[in-house]
Amino acid sequence: MKPTSTPPRKSKVHERQKLLFANLLNLLKARRRYRGTDCSLPTLAAALGVSSRTVTQAVKVCSNGNFSALINSLRLHDACAMLSSTRYAHNTIEEIALLTGFQSRQAFYLAFHRLYGCTPAAYRREHQPA
């Protein structure tokens, strides 16, 4: 039997999902779009020219999570940088939550605790320079 030159279909699908995921991350990180209110799955899918379901599948395959978890992780990464920076020492934790795109204090605290296992205030105390 002669080997085929094309890889299996599943591999092509996975490669397309990885490319779509990379494009999604680029779109989100451009001007920190993940902080804005226009950061919905349908809006971003339309900007990428694909369906919401296609984006959801790519995120699931490439990050082992869902779209909301991806957005929250990007926002929380920024929040940690702000909480540990002297530049944002004058900002309250609630202000940092709003600056990073969270719509409420409760959503921010819940997401933060889930990912880091502590409150934002405890994180700030441990990571802010003296």
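The protein chain contains seven helices and zero strands. The model is a predicted one. Read along the sequence, the pattern is α-α-α-α-α-α-α. The radius of gyration of the protein chain is 18 Å, well over the 14 Å that the globule rule gives for 130 residues, so the chain is more spread out than a compact globule. Along its principal axes, the C-alpha trace spans about 70 × 30 × 25 Å. Of the 130 residues, 33% count as buried. Among contacts with a separation of 6 or more, 61% come from residues 24 or more positions apart.

Helices α2 and α3 pack against each other. Helix α2 covers residues 41-48, and helix α3 covers residues 52-63. Their axes lie 8 Å apart, at an angle of about 95 degrees. Helix α2 is therefore roughly perpendicular to α3, since angles of 65 to 115 degrees fall in that class. On the α2 side, the contact involves L41, P42, A45 and L48. These residues meet S52, V55 and T56 in α3. By class, the contact of α2 with α3 has five nonpolar and two polar residues. No charged residues take part in this contact.

Charged side chains pair elsewhere in the model. Side chains of opposite charge can pair when their charged atoms come close. The count comes to four salt bridges, and three of these pairs are described here.

One of them joins K18 and E15, with the closest N and O atoms 3.4 Å apart. Both residues belong to helix α1, which covers residues 9-29. K18 and E15 are three residues apart in α1, so about one helical turn separates them. K18 is partly exposed, with a relative accessible area of 39%. E15 is also partly exposed, at 43%.

A salt bridge also forms between D38 and R33. Here the closest N and O atoms are 3.5 Å apart. D38 is partly exposed, with a relative accessible area of 36%.

The side chains of D78 and R35 meet in a salt bridge as well, at 2.8 Å from N to O. This pair links distant parts of the chain, its residues being 43 residues apart. D78 sits in helix α4, which covers residues 67-83. R35 lies in the loop between α1 and α2. Is each partner of this pair buried or partly exposed? D78 counts as buried, because its relative accessibility is 9% and the cut-off for buried is under 20%. R35 is partly exposed, with a relative accessible area of 22%.

Terms used: Residues are numbered from 1 along each chain as its sequence is written. This is a predicted model: local features need pLDDT of at least 70, side-chain atom pairs count only at pLDDT 80 or more; totals for chains, interfaces and linings use all residues. Side-chain values use heavy atoms; hydrogens and water are left out. Axes are lines fitted to C-alpha atoms, for helices over the stretch in contact, and angles run from 0 to 180 degrees between N-to-C directions. Helices (H or I, at least four residues) and strands (E, at least two) are DSSP runs, numbered from the N terminus. Angles under 35 degrees count as roughly parallel, over 145 as roughly antiparallel, 65 to 115 as roughly perpendicular and the rest as oblique. Contact means heavy atoms within 4.5 Å. Ala, Val, Leu, Ile, Met, Phe, Trp, Tyr, Cys and Pro count as nonpolar, Asp, Glu, Lys and Arg as charged, and the others, Gly among them, as polar. Buried means under 20% relative accessible area, exposed over 50%, partly exposed in between (1.4 Å probe, protein chains only). The radius of gyration is taken over C-alpha atoms; the globule rule is 2.2 Å times the number of residues to the power 0.38.
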